Amino acid sequence: MHAIETDRLSKLYAPGVGLLPLNLTVPVGEIFGFIGPNGAGKTTAIRTLLGFLRASGGSGRILGHDVWAQRVAVHRQVGYLSGELHLPRGHSARELMNRSVRLRRGTDTHYGVEVARRLGLNLDARLGTLSKGNRQKVGLTLALMHRCNLLILDEPTDGLDPLAQETALDLLREARAENRTVFLSSHVLSEVEAVAGRVGLIRRGELIRVEGVQDLKASLPQQLRVRFATPPRTNLAALGGMSAAVARDLDFSGAWRGPPDDLLRALAGESISSFSLTPSSLEDAFLGEYRVDEVGLSPSGAAQSRDPDHVG
Ligand SMILES: Nc1ncnc2c1ncn2[C@@H]1O[C@H](COP(=O)(O)OP(=O)(O)OP(=O)(O)O)[C@@H](O)[C@H]1O
């Protein structure tokens, strides 16, 4: 049994708009990063997986349960943080936690209180008086408090300060260490890179790439910068693994693909003031794919009708 398994699961608002047939498997115990530009279909995918939207076609299972026919069972096992939090202004986070415990019999607030403490959240403040970041902490606490087997989190660190962001990522790592699964939708590539085992890129409703974070990074060139102390005798630009070389006076920069041995051998006889070889980030990996959308190919403006099957 997988945490998430879909077979051509789709949700179309209009022809070609929404979620195109999605085949995705997320095994238990993985942190899976779900990345895509605005309007790509991340929220639609999540809401269909949670049975808030009825799929147009295909099927999906979450922890063995059909995402539509058994959505009540799905909800019992999923901790969900929506990208659009709506919290009752007059209540406190503690009241919401207590209400959540009453709804899910057999649970308690123990872990939620710990999560809130680690995030630096005051559980007794009226939610209407909280800042955006603190409201986000409430959402996260509610999503995490039941230690669910699957966490589906839409932009979980949105609005959090760097300290709280790091705490949130630690909490996700801890969930994974307990063999729980995290489906992490985010624009913040650096945070996905920091915690995810694999990432999937969705664009214009279509999952166009799924890869291990480390494999993806290893397949990319590394950024080389060298400042020579004296004019170099070696022509680094001529090396087989080098591209995008720029040499100016004593400075050299380029993209290096391959193991560093050849590079270091070529530099062995040179006098060098500084040297850095920096691995590419997920940002570098996906920037090219994002740019396609930036030139206006996204169909996001095309959707006209609200969805009649919307239930949540
Ligand atoms: N209720 C709706 N009715 C019609 N079209 C919709 C509806 N909801 C979303 N869409 C369209 O479906 C596509 C996917 O939207 P979705 O909200 O899933 O993207 P997203 O990746 O979550 O975007 P963002 O990162 O901006 O939140 C977009 O083209 C959007 O305009």
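Biologist: In β8, which residue is the bridge partner of Phe34?

Modeller: Bear in mind that this is a predicted model: local features need pLDDT of at least 70, side-chain atom pairs count only at pLDDT 80 or more, and totals for chains, interfaces and linings use all residues. Residues are numbered from 1 along each chain as its sequence is written. β3 (residues 31-35) and β8 (residues 181-186) pair in parallel over 5 bridges; pairing takes at least two DSSP bridges, and strands are DSSP runs (E, at least two residues) numbered from the N terminus. In β8, Phe34 is partnered by Ser185.

Biologist: And what stands opposite Ile35 in β9?

Modeller: β3 also runs parallel to β9 (residues 198-203), joined by 4 bridges. Opposite Ile35 in that strand is Leu201.

Biologist: How many residues of β3 are buried?

Modeller: Buried means 20 or more other C-beta atoms (placed from the backbone) within 10 Å of a residue's own; exposed is 12 or fewer, partly exposed in between. Ile31, Gly33 and Ile35 pass that on one side, as do Phe32 and Phe34 on the other. That makes the buried count 5 of 5.

Biologist: Over to the open sheet: which strands stand at its edges?

Modeller: Its 4 strands are ordered β2-β1-β4-β5, with antiparallel pairing. Two of them have a single partner each, so one side of each lacks a neighbour in the sheet: β2 (17-26) and β5 (65-66).

Biologist: How many of the 13 residues of α5 are buried?

Modeller: α5 covers residues 132-144, and helices here are DSSP H or I runs of at least four residues. Among its buried residues are Val138, Gly139 and Leu140. The helix is largely enclosed by the rest of the structure, because the buried count is 10 of the 13.

Conventions
Expected span 1.5 Å × (residues − 1).
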